[in-house]
Amino acid sequence: MAPKATVYKVTLQIADMDRGYYHDHQLTLAQHPSETDSRMMVRLLAFAMNASESLAFSKGLCVEDEPELWEKSLVGDIELWIEFGQSDEKWLRKASGRAKQVQLFTYGGRAVPIWWQQNEKALARYKNLKVWNIPEEAVKQMGDLVTRNMELQYNISDGDIWLSSEHGSVQFTPEILKA
């Protein structure tokens with residue numbers, strides 16, 4: 001029998017001074033058996049950085065034709081498509097053709113600059129694509145905050161992010177590789 005996803009209950013308190021967004025979110029998040037705690041926290045970070053009433057996690061890794069995080073309009077158009085890791089150019093081309101905005105959240109330390117050097121020219125043509133790199137140390141520290149029931153506070157100001165919980169805090173600035 002295949003291992004099942006682990007379910008997490010998450011309360012997010014978001015204070016995003018850059019966007020003027022202040023709201024609490026109650027989320028139920030499924031962690032795929034192959035997903036690390038750190039990667040799951042990068043997904044939560046992307047949610048916090050783009051939070052809105054219509055932003056939602058999709059069915060995730062098991063559905064090939066959907067992003068893991070997206071925002072759809074009332075008529076079903078994809079407003080925002082969010083991907084994670086070091087995606088290949090073909091997948092990002094497809095996303096850029098289907099969504100008004102696409103964001104890629106990379107992480108992985110020393111592997112990211114190598115991936116970026118190989119893909120930067122190809123990705124430059126996608127005007128609706130924004131690429132973020134999350135510092136390796138921040139990803140590790142975020143993973144250390146994981147519990148089954150999390151209460152997380154995200155404070156975002158001038159591009160800096162301060163994430164805190166009862167188990168600690170992390171402060172960092174995501175790097176924009178492509179605006």
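I began with E68, which at 7% relative accessibility counts as buried, and I note at the outset that the model I am reading is a predicted one. I then looked for the partner of this buried carboxylate and found that the side chain of E68 meets that of R39 in a salt bridge, at 2.5 Å from N to O. The pair links distant parts of the chain, since R39 sits in helix α1 (residues 37-50) while E68 lies in the loop between β3 (55-57) and β4 (69-72), 29 residues apart. I checked R39 as well, and R39 is also buried, with a relative accessible area of 12%.

Next I asked which residues are linked with R39 and E68 in a network of salt bridges. The network consists of E35, R39, R43 and E68.

I turned to D16, which forms a salt bridge with R19, and recorded 2.9 Å between the closest N and O atoms. Here the two ends fall into separate classes, because D16 at 2% relative accessibility counts as buried, whereas R19 at 41% counts as partly exposed.

My next entry is K140 with D144, a salt bridge in which the closest N and O atoms are 3.4 Å apart; this pair is counted because the cut-off is 4 Å. K140 counts as partly exposed at 47% relative accessibility, and D144 counts as exposed at 51%, the latter because exposed means over 50%.

Finally, I looked up how many salt bridges a search of the whole structure finds. The search gives 8 salt bridges, and those I have entered here include R39 with E68, D16 with R19 and K140 with D144.

Notes:
Residues numbered from 1 in each chain as written. Predicted model: local features only at pLDDT ≥ 70, side-chain atom pairs only at ≥ 80, totals over all residues. Heavy atoms only, no water. Buried < 20%, exposed > 50% of the residue type's maximum accessible area, 1.4 Å probe, protein only. Helix = DSSP H or I, 4+ residues; strand = E, 2+ residues; numbered from the N terminus.
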